[in-house]
Amino acid sequence: MQKDRNYVIEHDFAVNRESSILEKYVMDMENGQRGFMLTGDVKYLEPYTDGEKNWRDSYNRLEELTIDNPTQQKNLNTLKQSINNWLAQTGGTVPTMKNGIQN
């Protein structure tokens, strides 16, 4: 029983931790984009680029951790669609704007 209890606790912790990591990547992308758009300073694109590069890996880890929970899988899918929609609507402007900036 203790072994099962420990698994549940560790599993919940892993899901919460990975959720926080995914949220951080998305927030880094948003903050980096906002900073760049407000200042034109390309240094703000680094967190955006890192977040864009890494959020999918974090999402995939979270998807694996929740494979046995259909409700969490459905919620994850909705989250992924929201992130992809946001990227489609706003993410494409960053590289385009970067090409017009000279530093």
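Helices here are DSSP runs of H or I, at least four residues long, numbered from the N terminus. With that in hand, the model on the screen is a predicted one. Read along the sequence, the chain goes α-α-α-α. That is four helices and zero strands.

Some totals for the chain. There are 103 residues, and 25% of them are buried. The accessible surface is about 7,300 Å². Carbon and sulfur atoms own 52% of that surface. Now contacts. Take those with a separation of 6 or more: 70% of them join residues 24 or more positions apart.

On to the core. Nonpolar side chains in soluble globular proteins tend to be buried together. Here the largest nonpolar core has 11 residues. Reading up the sequence, it starts with Val-15, Leu-22, Tyr-25 and Met-29. Then come Tyr-48, Trp-55, Tyr-59 and Leu-62. Leu-76, Ile-83 and Leu-87 complete the set. Which helices supply at least two residues each? Helix 1, at 2-39, does. So do helix 2, at 45-65, and helix 3, at 70-91.

Let me stay on helix 2. Its 21 residues should span 30 Å at 1.5 Å a residue. The end C-alpha atoms are 30 Å apart, so the two values agree. There is a bend, though. Helix 2 turns by about 35° at Asn-54.

Which residues of helix 2 are buried? Leu-45, Tyr-48 and Gly-51 are. So are Trp-55, Ser-58, Tyr-59 and Leu-62. Keep the helix geometry in mind. An α-helix has 3.6 residues a turn, so residues three or four places apart point the same way.

Two of those residues bring us to the aromatics. The structure holds one aromatic pair. The partners are Trp-55 and Tyr-59, and the arrangement is edge-to-face. Two numbers describe such a pair: the distance of the centres and the angle of the planes. For this pair, that is 6.4 Å centre to centre and 70° between the planes. The label edge-to-face fits because the cut-off is over 60 degrees. Where do the partners sit relative to each other? They are four residues apart in helix 2, so about one helical turn separates them. Both rings belong to buried residues. Trp-55 has a relative accessibility of 0%, so Trp-55 counts as buried. Tyr-59 is at 3%, and so also counts as buried.

Next, Ser-58, also in helix 2. Is Ser-58 buried or exposed? Buried, with a relative accessible area of 0%. What does Ser-58 touch, leaving out residues up to four places away in sequence? Glu-18, Ile-21, Leu-22 and Tyr-25. Leu-22 and Tyr-25 are core residues as well.

Take Ile-21 from that list. Ile-21 lies in helix 1. Its relative accessible area is 26%, so Ile-21 is partly exposed. Now pair Ile-21 with Trp-55. They are 34 residues apart along the chain. Their C-alpha atoms are separated by 8.2 Å.

Last stop, helix 3, and Lys-74 within it. Lys-74 has a relative accessible area of 61%. The threshold for exposed is over 50%, so Lys-74 is exposed. Along the chain, 11 residues separate Lys-74 from Glu-63. From C-alpha to C-alpha, Lys-74 and Glu-63 are 10.0 Å apart.

To recap. Helices 1, 2 and 3 each give at least two residues to the core. Trp-55 and Tyr-59 make the one aromatic pair. Ser-58 is buried in helix 2.

Definitions and conventions
Residues are numbered from 1 along each chain as its sequence is written. This is a predicted model: local features need pLDDT of at least 70, side-chain atom pairs count only at pLDDT 80 or more; totals for chains, interfaces and linings use all residues. Side-chain values use heavy atoms; hydrogens and water are left out. A nonpolar core is a set of buried Ala, Val, Leu, Ile, Met, Phe, Trp, Tyr and Cys residues joined through side-chain atoms within 4.5 Å. Buried means under 20% relative accessible area, exposed over 50%, partly exposed in between (1.4 Å probe, protein chains only). Contact means heavy atoms within 4.5 Å. Rings of Phe, Tyr and Trp (its six-membered ring) pair if their centres lie within 6.5 Å; planes under 30 degrees apart count as stacked, over 60 as edge-to-face and the rest as tilted. The expected span of a helix is 1.5 Å times one less than its number of residues. The bend at a residue is the angle between axes fitted to the seven residues ending there and the seven starting there. Accessible areas come from the Shrake-Rupley method with a 1.4 Å probe; for residues, only the protein chains shown count as cover.
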